[in-house]
Amino acid sequence: MYIIVVGGGKVGYYLTKSLLEEGHEVLVIEKDPRKCAVLSDELSTNVLQGDGCEAAVMAEAGVGRANVAIAVTGDDEDNLVVCQVAKHKFNVPRTIARINNPKNEHIFSKLGIDVTVSSTELILSQIEQVIPAQSLVHLLTLRRVGVSFIELEVPPDSPALGRPLRELGIPDDCIFPLVIRGGKEAIIPYGDTVLQSGDQVIAVTSEASEGTIRRILVSDQEISD
Amino acid sequence: MRIVILGCGRLGAYLAGMLVAEGHQVTVIDRNAEAFRRLGLKFEGDLVVGTGIDEDVLRRAGIEQAEAFVAVTNGDNTNVMAAQVAREIFGVRRVICRIYDPLREEIYHTLGLETICPTILGATKIKEALDR
């Protein structure tokens, strides 16, 4: 694939390196001439010095034949403009933007950016997973279709203990594809499966039903997220 | 009319003064509090310090009740993003966005933003003056 990377900082550098190793053709656009020199010396790839937000620079980079444009500068507004110009002026089929403020994720998707990657959000979700007090962990959220993959640990005082799943009133827009028991045994649950304290339940659910799932499995009181 | 102005540079400050004089309710946002000096001590509008591409800052500036939003920071991309957030996320009726770069202005104008390019305006005026 022909991939354009805009932004030659640390993220851009290592991203380009990895993409080259995978055999892609990569061109990096970077404003700072010093960073450009480092990039072209250390990675044997094409580097274009210029402002990746400018249509003229993009035209020079041959963005028109790129399969993917990836914007990884440190500024969300620049990454947005890079992706929008690539998409609307040059018809690049797929645009990916790095975002710094996690709240910008839904703005970017609303404004037509195909994929957003937020390092802040990634670190936050890692923290969520290691903090035991958190009863519900988001593994993956497909925001565009409003579906979340979540993980819950069944506490010793769970209202779900001792009753089969089918009697718990699980909403229609939610399924439990997997239960992990004792940290090692994978169980594919059915309606007659009975949960035990300490079970890790993986659920696929609409965002609207997350609170209900938590009420059913964790606590009758805990409603708010 | 309730108007939010992003960017308290020469243009933002001048525009804010004009609008307040006409009796509009104006809130000015700038990430640098020093910039508000340009408004003068008697300015009767509201001031918010923060970056205009942050939803929370815009909300603090009362964008949810605003009838118009004007993006005039010195960064084209900041203006472009803030203007789109105002329009798409907050549904502000009138959104005007300054873009210095003529090419970028053309792209976003085509995408439906109400844009003003001072570069083209200035060059055209100067050319007209020379032609007289």
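## A loop residue to start with: A:Asn91

With 10 C-beta neighbours inside 10 Å, A:Asn91 counts as exposed, since the cut-off for that class is 12 or fewer. This residue belongs to a predicted model, as does everything else described here. A:Asn91 sits in the loop that runs from helix H4 (76-90) to strand S5 (94-99) of chain A. Its backbone is a bit of an oddity: phi is positive, about 55 degrees, although the residue is not a glycine.

## Chain A as a whole

Zooming out, chain A carries seven helices and 11 strands. The domain assignment divides it into domain 1 (2-118) and domain 2 (132-217), and the centres of those two domains, taken over C-alpha atoms, are 39 Å apart. A:Asn91, our starting point, is in the loop between H4 and S5 of chain A.

The overall dimensions are worth a look too. The radius of gyration of chain A is 23 Å, whereas a compact globule of 225 residues would have one near 17 Å. Along the principal axes, the C-alpha trace covers about 65 × 30 × 25 Å. Of the 225 residues in chain A, 32% are buried. As for contacts with a sequence separation of 6 or more, 53% of those in chain A link residues 24 or more positions apart.

## A:Val201 and its surroundings

Buried or exposed: which is A:Val201? It is buried, because 24 other C-beta atoms lie within 10 Å and the threshold is 20 or more. A:Val201 is part of strand S11 (residues 200-206) of chain A.

Setting aside residues up to four places away in sequence, A:Val201 touches A:Leu152, A:Val154, A:Phe176, A:Val179, A:Leu195 and A:Leu217. In soluble globular proteins, nonpolar side chains tend to be buried together. For a sense of scale, A:Val201 and A:Asn100 are 101 residues apart along the chain, and their C-alpha atoms are separated by 31 Å.

## Two nonpolar cores

The largest nonpolar core has 69 residues, and the members touching the most other members are A:Ala69, B:Ile5 and B:Phe69. Take B:Phe69: leaving out neighbours within four places in sequence, its contacts are B:Val4, B:Ile63, B:Ala83, B:Ala86, B:Val92 and B:Val95. Apart from that core lies another, of 15 residues, with A:Ile170, A:Phe176, A:Val201 and A:Ile213 among them. A:Phe176 also turns up in the list of residues that A:Val201 touches.

## Chain B as a whole

Chain B has five helices and six strands, arranged along the sequence as β-α-β-β-α-β-α-β-α-β-α. Its radius of gyration is 15 Å, close to the 14 Å that the globule rule gives for 132 residues, so chain B is as compact as a globular protein of that length. The C-alpha trace spans about 45 × 35 × 25 Å along its principal axes.

Buried residues account for 38% of the 132 in chain B. Looking at contacts between residues at least 6 apart in sequence, 44% join residues at least 24 apart.

## Helix H5 and a loop in chain B

What span should the 14 residues of helix H5 (residues 118-131) of chain B have? At 1.5 Å a residue the answer is 20 Å, and the end C-alpha atoms are 20 Å apart, which agrees. H5(B) is hardly covered: zero of its 14 residues are buried.

B:Glu64 lies in the loop between helix H2 (55-60) and strand S4 (68-71) of chain B. B:Glu64 is exposed, with 10 other C-beta atoms within 10 Å. Apart from neighbours within four places in sequence, B:Glu64 contacts B:Arg59 and B:Phe90. B:Lys42 is 22 residues from B:Glu64 in sequence and 26 Å away in space, C-alpha to C-alpha.

## Where the chains meet

The contact between the chains draws 17 residues from chain A and 16 residues from chain B. On the chain B side, helix H3 (76-89) and helix H4 (102-110) each supply at least two residues. H3(B) gives the largest share of that side, eight residues. Sorted by class, the side of chain B that touches chain A has eight nonpolar, three polar and five charged residues.

Terms used:
Residues numbered from 1 in each chain as written. Chains lettered and ligands numbered in written order. Predicted model: local features only at pLDDT ≥ 70, side-chain atom pairs only at ≥ 80, totals over all residues. Contact = placed C-beta atoms within 7 Å. Helix = DSSP H or I, 4+ residues; strand = E, 2+ residues; numbered from the N terminus. Nonpolar A, V, L, I, M, F, W, Y, C, P; charged D, E, K, R; others polar. Rg over C-alpha atoms; globule rule 2.2 N^0.38 Å. Expected span 1.5 Å × (residues − 1). Domains from an automatic or database assignment. Core = buried A, V, L, I, M, F, W, Y, C linked by C-beta atoms within 7 Å.
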